[in-house]
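Me: Hi! I have a structure I'd like to talk through with you. Could you have a look with me?

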Amino acid sequence: MIYAAIVAGGSGSRMGADKPKQFLELDGKPIIIRTIERFVKCGKINKIYVGVHADWLDFAQGLVDELSTEADVEIVKSGKDRTETVYNILEKIESENEISADDIVVTHDGVRPFVSVKEIEDSILMLKSFDGVTLCLPSTDTLLCSPDGIKIASVPDRSQLFRAITPQTFKLKALLSAYRSLDEKQKSSLTDTASIFTSAGLEVGLVQGNERNIKITTPFDMKTAELLLKEE
């Protein structure tokens, strides 16, 4: 079985809107619904779980109920942060299904509505070589390391640097085991799902992503998304 775990529990504070950014409309359709539809279109996903803040569970359920598809989508209460939200979804999957060693979970940001079917399928295919993979983009900028935020401490070699994006895809049992092996301090420092694997000492493979797969977090991102949608 292949499951999708879509994280949509954010407050959207940087957007300055009256609702979380994942529920804002992009050309008349909520961002989160556009994201879900990409996974439905893939055709390889057996069930989609969406992690949403407790205050927006009913609202999200209403949006899902209006989907013009027979897709199996379930709304799950999110956690205090991204990592905990993913784990809540994993526990939900585990409680509802008999998990096998071959089961896969594709984790994704709810505000990345331009993910392509190819990116989803490529990440699943790469699990033939790894137990966990992340989509990434080569860094095109020179990055500066400055622990004090005042002066440069070092300049890493750009050729070795990549930007992590989603989907991040894993053998489900391996991800659950990795998460449960970490202590609370380790869990609180994680910024994405691949970090769960690396913090547990496991390898994560890289899959080339697409620049169009943007994350919508600011008003500028929203304007960029509108232009991308017109191009499509």
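Me: Let's start with Lys80. Is Lys80 buried or exposed?

Reply: Lys80 counts as exposed, because its relative accessibility is 65%. Keep in mind that this is a predicted model.

Me: Thanks. Which side chain does Lys80 meet in a salt bridge?

Reply: That would be Glu84, and the N to O distance is 2.8 Å. Glu84 counts as partly exposed, since its relative accessibility is 25%.

Me: How many salt bridges are there by the count?

Reply: The count comes to 18 salt bridges. One of them joins the side chains of Glu96 and Lys47, at 3.4 Å from N to O.

Me: Where do Glu96 and Lys47 sit?

Reply: Glu96 lies in helix H3 and Lys47 in strand S4, so this salt bridge ties together parts that are 49 residues apart in sequence. Strand S4 covers residues 47–52.

Me: And Lys47 itself, buried or exposed?

Reply: Lys47 is buried, because its relative accessible area is 13% and the cut-off for buried is under 20%. Its partner Glu96 counts as partly exposed, at 36% relative accessibility.

Me: What else does Lys47 touch?

Reply: Leaving out residues up to four places away in sequence, Lys47 touches Ile2, Tyr3, Ala4, Asp72, Glu74 and Glu96.

Me: Which residues are linked in a network of salt bridges with Lys47?

Reply: The network links Lys47 with Asp72, Glu74, Lys92 and Glu96.

Me: Nice. I was also curious about Arg112. Which residue is its salt-bridge partner?

Reply: Asp109. The side chains of Arg112 and Asp109 meet in a salt bridge of 2.9 Å, N to O. Both of these residues are buried.

Me: Switching to aromatics now. How many aromatic pairs are there?

Reply: The count is six aromatic pairs. Among them is the one between Phe23 and Phe59, which is edge-to-face, with 5.1 Å centre to centre and 75° between the planes.

Me: Where in the chain are Phe23 and Phe59?

Reply: They come from distant parts of the chain, 36 residues apart. Phe23 is in the loop between strand S1 (2–8) and strand S2 (25–26), while Phe59 is in helix H2 (residues 57–65).

Me: Phe23 first: buried or exposed?

Reply: Phe23 is buried, with a relative accessible area of 3%. Phe59, on the other hand, is partly exposed, at 34%.

Me: What about Tyr87 and Tyr179, what kind of pair do they form?

Reply: Tyr87 and Tyr179 form a stacked pair, 4.1 Å centre to centre with 15° between the planes. This pair also links distant parts of the chain: Tyr87 is in helix H3 (residues 82–96) and Tyr179 in helix H5 (residues 172–180), 92 residues apart. Tyr87 is buried, with a relative accessible area of 13%, and Tyr179 is buried as well, at 7%.

Me: Which residues form the aromatic cluster with Phe23?

Reply: Trp56 and Phe59 join Phe23 in one aromatic cluster.

Me: Okay, over to the surface. Which residues make the nonpolar surface patch of about 300 Å²?

Reply: Leu144, Ile152 and Val155 make that patch. Val155 lies in the loop between strand S7 (132–138) and strand S8 (162–171).

Me: Now Ile31, please. Where is Ile31 found?

Reply: Ile31 is in helix H1, which spans residues 31–42. Ile31 is buried, with a relative accessible area of 0%.

Me: And what does Ile31 touch?

Reply: Not counting residues up to four places away in sequence, Ile31 touches Lys21, Gln22, Leu24, Leu26, Gly110, Val111, Pro113, Ile216 and Met222. The C-alpha atoms of Ile31 and Ala8 are separated by 10 Å, and these two residues are 23 residues apart along the chain.

Me: Last one: where is Val117?

Reply: Val117 is in helix H4 (residues 117–125). At 22% relative accessibility, Val117 counts as partly exposed.

Me: Which residues is Val117 in contact with, leaving aside neighbours within four places in sequence?

Reply: Val117 is in contact with Arg38, Lys41 and Cys42. Val117 and Phe39 are 7.3 Å apart in space, C-alpha to C-alpha, although 78 residues apart in sequence.

Note on methods. Residues numbered from 1 in each chain as written. Predicted model: local features only at pLDDT ≥ 70, side-chain atom pairs only at ≥ 80, totals over all residues. Heavy atoms only, no water. Helix = DSSP H or I, 4+ residues; strand = E, 2+ residues; numbered from the N terminus. Contact = heavy atoms within 4.5 Å. Phe/Tyr/Trp six-rings, centres within 6.5 Å; stacked < 30°, edge-to-face > 60°. Buried < 20%, exposed > 50% of the residue type's maximum accessible area, 1.4 Å probe, protein only. Patch = residues over 30% accessible without salt bridge, like charges linked within 9 Å, V, L, I, M, F, W, Y side chains within 5 Å. Areas by Shrake-Rupley, 256 points an atom, 1.4 Å probe, with all protein chains shown as cover. Salt bridge = Lys/Arg side-chain N within 4 Å of Asp/Glu carboxyl O.
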